[in-house]
Amino acid sequence: MFVLFTVKGRTMSFAASALSALVALVFLLAGAQKVLLRDPVTANLLRLGVGSTMTRSIGTLEIAGALGLAAGLWFKPLAVAAAAGLTLLLIGAVGFHLRARDFAHRRHRSHAVAPVVLAVVTGTTMALSLATS
């Protein structure tokens, strides 16, 4: 019984670390695009009513979350906090897409679904980090 628990614990720890690293990479790249105000990203955000100052702020928060997840590989409470912050940021993004009625429009639906999927992934990262800390 003890051996199974140890192996399972190591597997969960590996899964939490791997997922944290992957999510950190995604948000580091996404945040950089927003901080640099790349056209494809800013065009969609402008359509949602998000200006360049707020876009850069969101990008900065995404980069901070990515760095928190990366540092959380060594200090789990930081990973939990970073994943929670990113999840809240994504819930805000879902709100902007709901307000713009993007889920009803086929053309914008993929933009609207992305933060929902990422919120689930960051929430799972948070739960795994909590379970292994």
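Guide: A definition first: contact means heavy atoms within 4.5 Å. What you have above is a predicted model, where local features need pLDDT of at least 70, side-chain atom pairs count only at pLDDT 80 or more, and totals for chains, interfaces and linings use all residues. Residues are numbered from 1 along each chain as its sequence is written, and side-chain values use heavy atoms, with hydrogens and water left out.

Visitor: OK, so which residues does Ser20 contact, leaving aside its neighbours within four places in sequence?

Guide: Ser20 sits in helix H1 (helices are DSSP runs of H or I with at least four residues, strands E runs of at least two, numbered from the N terminus). With those neighbours set aside, the partners in contact with Ser20 are Leu69, Leu73, Thr125 and Ser129.

Visitor: Is Ser20 buried or exposed, then?

Guide: Here buried means under 20% relative accessible area, exposed over 50%, and partly exposed in between, with a 1.4 Å probe and protein chains only. Ser20 has a relative accessible area of 1%. That value makes Ser20 buried.

Visitor: How many of the chain's residues, as a percentage, count as buried?

Guide: The chain is built from five helices and zero strands, in the order α-α-α-α-α. Its C-alpha atoms fill a box of roughly 55 × 30 × 20 Å along the principal axes. Of its 133 residues, the share that counts as buried is 31%.

Visitor: What share of contacts between residues at least 6 apart in sequence joins residues at least 24 apart?

Guide: Ser20 of H1 gives you a taste, since its contacts include Thr125 and Ser129. Taking the contacts in the chain between residues at least 6 apart, the share that joins residues at least 24 apart is 68%.

Visitor: How are H3 and H4 arranged relative to each other?

Guide: Helix H3 covers residues 52–71, and its axis is 7 Å from that of H4, at an angle of about 150 degrees. Axes are lines fitted to C-alpha atoms, for helices over the stretch in contact, and angles run from 0 to 180 degrees between N-to-C directions. Under 35 degrees counts as roughly parallel, over 145 as roughly antiparallel, 65 to 115 as roughly perpendicular and the rest as oblique. H3 and H4 are therefore roughly antiparallel.

Visitor: Which H4 residues make the contact with H3?

Guide: From the H3 side come Met54, Ile58, Leu61, Glu62, Gly65, Ala66, Gly68, Leu69 and Ala71. Leu69 turned up earlier as a partner of Ser20. On the H4 side the contact is made by Leu78, Ala79, Ala82, Ala83, Leu86, Leu89 and Phe96.

Visitor: At roughly what angle do the axes of H4 and H5 cross?

Guide: H4 spans residues 76–99 and H5 spans 109–132, and their axes come within 8 Å. This pair is roughly antiparallel too. The crossing angle is roughly 160 degrees.

Visitor: How far is Gly85 from Ala64, C-alpha to C-alpha?

Guide: Gly85 is in H4 and partly exposed, with a relative accessible area of 36%. It is 21 residues from Ala64 along the chain, and their C-alpha atoms are separated by 9.5 Å.

Visitor: Phi of Leu37 is near what value?

Guide: Leu37 belongs to the loop between H1 (2–35) and H2 (39–47), and it is partly exposed at 23% relative accessible area. Most residues other than glycine have a negative phi. For Leu37 phi is positive, near 55 degrees.
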